[in-house]
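Here are a few exercises to work through with the model open beside you. Try each task before reading its solution.

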Protein chains: 2
Amino acid sequence: MKKVVIGVDVGGTNVKLGLVSATGRVLARTHFSTKNFTHSKTTLINAIIDNINELTKEYGLKKKNISGIGFGLPGLIDPKKGVVKVLPNVPGWHNVALKKIVQQKTKLPVVIDNDVNLITLAEWKYGAGRGYKNLVCITLGTGVGGGLVFDNHFYRGPGYVAGEIGHFPYQDKTFERYVGNKTLTQLASKRLRRKITEVSEVHLMAKKGHKGALKFWKSVAEHLAPTLIGTINLLNPPLVIIGGGVSNNFPFFAPKLKSLIKQKAMPVQGRMVKIVRAKLGNDAGLIGAQILLKGKYNALSQ
Amino acid sequence: MKKVVIGVDVGGTNVKLGLVSATGRVLARTHFSTKNFTHSKTTLINAIIDNINELTKEYGLKKKNISGIGFGLPGLIDPKKGVVKVLPNVPGWHNVALKKIVQQKTKLPVVIDNDVNLITLAEWKYGAGRGYKNLVCITLGTGVGGGLVFDNHFYRGPGYVAGEIGHFPYQDKTFERYVGNKTLTQLASKRLRRKITEVSEVHLMAKKGHKGALKFWKSVAEHLAPTLIGTINLLNPPLVIIGGGVSNNFPFFAPKLKSLIKQKAMPVQGRMVKIVRAKLGNDAGLIGAQILLKGKYNALSQ
């Protein structure tokens with residue numbers, strides 16, 4: 001039996017765990033709600049380890065069948081030191097030596113990184129970015145993040161914080177403040193004149209052909225376009241991958257977005273770039289954890 | 001005698017030529033006005049070659065003392081093929097095989113690249129960016145351009161067009177349309193309530209302590225900040241170099257610009273980044289030509 005990697009994708013609301021094969025397939029998965037464990041980082045770490053033990057037991061795995069554990073976390077991570085510097089949406093996480101703690105408790109190799117970095121690694125190696133040497137991966141969700149690949153090398157930046165496209169200034173706020181989940185539900189409520197609490201509602205409406213909802217997604221494309229066009233002009237990527245929960249609506253916003261990019265990006269950049277939807281969905285973070293642990297990618301040094 | 005490189009910096013109004021030493025010093029320089037030669041590319045190329053011959057003769061150089069010729073051009077260049085695809089501000093230049101033409105006429109090795117790329121190479125290797133592995137170089141002039149260095153490698157992008165920060169959308173126009181020379185003179189005329197035709201006039205006024213002029217440069221900082229902050233958040237550069245003609249006013253706009261970046265950029269990015277003025281001034285393009293010809297730098301492959 002080939003060894004598997006345990007992927008742990010820590011989110012603000014859920015922790016997802018999965019067993020990932022050597023070829024990047026998720027063989028088994030589980031998840032639990034983060035919210036019962038936010039009062040202390042130790043209880044959250046213990047809950048993760050309990051879930052790892054259960055999952056590996058269910059799957060009949062022994063320690064010798066496991067290569068290690070890879071964590072994706074929504075915050076500021078030092079992957080080299082294995083330290084979680086801060087998780088903005090999970091209280092109490094400041095300078096946590098997560099790698100060391102989990103290694104000591106499990107006696108397994110542990111690696112950690114930012115969640116968007118793992119999604120980018122996964123989409124690049126096993127998903128929509130396969131075969132590309134340069135790409136930008138953008139995740140649209142509660143937060144808006146990004147990952148960068150240049151010349152077949154992942155680029156984290158000297159402070160491990162590159163890719164923060166969500167924090168590009170846009171119309172006196174930031175890109176994220178316009179196209180993040182929270183703003184989208186507010187905008188949708190206003191436009192559709194009813195109380196929208198989840199972006200998924202506008203997704204279902206659009207799917208059923210609701211004209212207002214379809215129009216709403218076109219307006220989202222108009223807010224996505226400027227920062228994407230700027231990034232495309234600046235970095236000349238042949239591929240932009242759009243992932244994250246909001247990318248479920250790719251069919252509704254992409255045609256308008258693509259036409260705006262062709263119209264307004266610089267000629268060479270606009271002609272070269274392909275805009276595609278992420279392929280790996282919710283599994284991307286888990287699969288990225290496997291790539292990170294196996295070190296099966298090149299990175300630009302810091 | 002060590003061999004020298006002939007640098008040719010083609011601009012919309014002037015062509016600058018210089019002899020550059022093996023250590024990146026400009027030993028001699030000359031220039032002529034572009035405007036008499038815009039009716040045909042052949043006359044411009046011949047004028048450049050005549051000027052090269054004169055300059056080398058004056059300096060007592062024989063062919064064996066010359067390594068080759070490096071061109072910087074304000075437009076879309078394919079440095080690999082040695083082809084000028086288009087020069088937006090010099091009519092008649094479309095798909096000109098400049099490298100081949102000049103090689104045949106001079107029997108010397110020839111390399112060509114975009115002018116902002118050469119400035120970036122020069123500032124990185126011999127100027128304000130010396131010793132840095134990652135940086136963004138921005139040129140503020142009639143056009144606004146940029147060059148990118150990641151992990152000690154120059155990044156041109158797969159279409160040789162990366163770095164175009166001037167074309168980042170900004171307030172319904174682009175960054176360049178707000179902070180380029182032309183707009184700055186218009187803005188200055190409006191703010192100072194007198195006819196300003198050159199940015200240098202507002203420079204002199206500020207130098208003399210004119211309050212309106214000093215206030216004007218602060219307002220320029222406010223227009224520079226958003227796109228710079230976005231780029232800093234996205235790429236996490238430890239250094240941003242500001243060059244080009246407008247950077248003469250660095251002392252007037254930099255304090256405000258730096259304070260806006262410290263205030264509004266993301267914490268790690270903002271703390272890490274240094275904003276500095278370019279060091280090589282008008283010589284940067286010539287010095288970059290030497291680096292390009294000698295190939296004394298690494299680049300990310302396309």
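**Exercise 1.** What rotation and what shift along its axis superpose chain A on chain B?

*Solution.* First, some ground rules: this is a predicted model, in which local features need pLDDT of at least 70, side-chain atom pairs count only at pLDDT 80 or more, and totals for chains, interfaces and linings use all residues. Residues are numbered from 1 along each chain as its sequence is written, chains are lettered from A in the order in which they are written, and side-chain values use heavy atoms, without hydrogens and water.

Now superpose the copies (least squares on C-alpha atoms of residues with pLDDT of at least 70 in both). A rotation of 180° with 0.0 Å of shift does the job, with an RMSD of 0.0 Å. That is how a two-fold axis relates two copies. Within chain A, the C-alpha of A:Gln171 comes closest to the axis, at 3.5 Å.

**Exercise 2.** Find the strand order of the open five-stranded sheet in chain B.

*Solution.* Strands are DSSP runs of E, at least two residues, numbered from the N terminus; two of them pair if DSSP finds at least two bridges between them. The order is β3-β2-β1-β4-β8, with mixed pairing. β3 (26–33) and β8 (110–114) of chain B each have a single partner strand, so one side of each lacks a neighbour in the sheet.

**Exercise 3.** In which sense do β4 and β8 of chain B pair?

*Solution.* β4 (residues 66–73) and β8 of chain B pair in the parallel sense, over five bridges. Look for B:Phe71, which stands opposite B:Ile112 in β8(B).

Notes. Helices (H or I, at least four residues) and strands (E, at least two) are DSSP runs, numbered from the N terminus.
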